[in-house]
Amino acid sequence: MSHRPGSGLAAVSSALLAMNRQMEVRDVLKTIVVSARELLDAEYAALGVPDDHGGFAQFVVDGVSDAQWRAIGPLPRQHGILASMLHTAETERLADVRKDPRFEGWPEAHPEMSDFIGLPVRDGDETLAALFLANKRCPKPDGSCGFTAEDEELLTLLAQHAAIALTNARLYERSRELTIAEERSRLAHELHDAVSQKLFSLRLTAQAAAALVDRDPARAKGELQQVAALAAEAADELRAAVVELRPAALDEDGLVHTLRTQVQVLDRAHSARVTFDAVGVRALPAAQEEALLRVAQEALHNALRHSGAGLVTVALTRSGAGGVLLAVTDDGKGFEPSTVRSAGRHLGLVSMRDRAAGVGGILTVTSAPGRGTTIEMEVPGG
């Protein structure tokens, strides 16, 4: 224990919390490697996610500089001890990896390693990754110091929680992919319902104008003016849909700027007035900002397509403890929320509630027939 500065219940707890705090797979992998290296006080740590072709789909290291990593060359293959860890549930703990009969050497730029510990990260019968560490930091005058049974116990505990964190991150990324697919499907239907109908009307009006040119030029002129108006509306509908299809630049522009830009486009594209205001809002974690943006888009879609509103307002304000409150309000015809649920028409409310809950937020819907609708989403501070 004296050679492990990160030992103790607090260090283990910190490592486990750090792993489960990440949402992206790549971030989880890196956190696992860093946590393992610090917890066992090793010089090097690595984690490889196998592919289906005898190599690794992802390989994350800690303790090796970027220059060293580039010099080492291509990702390793599944051979030797790496392959052993991927095909067994057993932990490998070696006093000197170079003396193991399975050792097959390493590239010229690879750092020298001796004492070694590694094990698979498993979810049931599936091996998600292989985690291994080398060169425990401790005095080795006679080569006797290396990874201990206690280290093995700690690493096994870490690997069990790593499997949970990695599985959750994969599910999160898959849910995001499904959400993107669902949104694109919705937009495809919206394009068909809105733009296609306008184009059909435009064609009929143009045909009517052509039939009237010779016998009633004045009426033909009126029809052509209608053609121009319909074409302008169709162009606006397309512009609004493209804004929704284009990935929001949250990483570069932040929530406030991104939402303001989209509101400005929607204000130009629709007859209803759409306004935006933000007061005292600070940057939030990426997952929260994305959820707020998507809920705002869904609420705007409902207000502009279904409510018959003349005014739609979007507001972002600071709430308690550094959180943010989003409010999308329209002066449209409103609805009875319980009636909408019983009729099986959710107007995206289920999706919005799921998004809010997914980032620790709360969604509130206030509406009544003839009294407009307000959709609020509050998220805690990051």
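**A five-stranded sheet and its helices**

In this predicted model, strands β8 and β10 run antiparallel to each other and are joined by seven bridges. One position along β10 illustrates the pairing: E376 is the bridge partner of A327.

These two strands belong to an open sheet of five strands, arranged in the order β6-β7-β8-β10-β9 with mixed pairing. The edges are formed by β6, residues 273-279, and β9, residues 362-367, each of which pairs on one side only. On average, neighbouring strands of the sheet are turned by 10° against each other, direction ignored.

Strand β10, which spans residues 373-379, also pairs with β9, again in the antiparallel sense, over six bridges. Here T366 stands opposite T374 of β10, and I362 has E378 in β10 as its bridge partner. The two strands β9 and β10 form a hairpin with five residues between them. Within that turn, G370 has a positive phi of about 80°.

Two helices pack on this sheet. Helix α8, residues 286-306, touches β6, β7 (311-318), β8 (324-330), β9 and β10. The direction of α8 makes about 10° with that of β8. Helix α10, residues 349-358, touches β9 and β10, and its direction makes about 145° with that of β9.

Strand β10 thus appears in several parts of this description. How much of β10 is buried? The strand is mostly covered, with five of its seven residues buried.

How values were computed:
Residues are numbered from 1 along each chain as its sequence is written. This is a predicted model: local features need pLDDT of at least 70, side-chain atom pairs count only at pLDDT 80 or more; totals for chains, interfaces and linings use all residues. Side-chain values use heavy atoms; hydrogens and water are left out. Two strands pair if DSSP finds at least two bridges between them. Helices (H or I, at least four residues) and strands (E, at least two) are DSSP runs, numbered from the N terminus. Axes are lines fitted to C-alpha atoms, for helices over the stretch in contact, and angles run from 0 to 180 degrees between N-to-C directions. Contact means heavy atoms within 4.5 Å. Buried means under 20% relative accessible area, exposed over 50%, partly exposed in between (1.4 Å probe, protein chains only).
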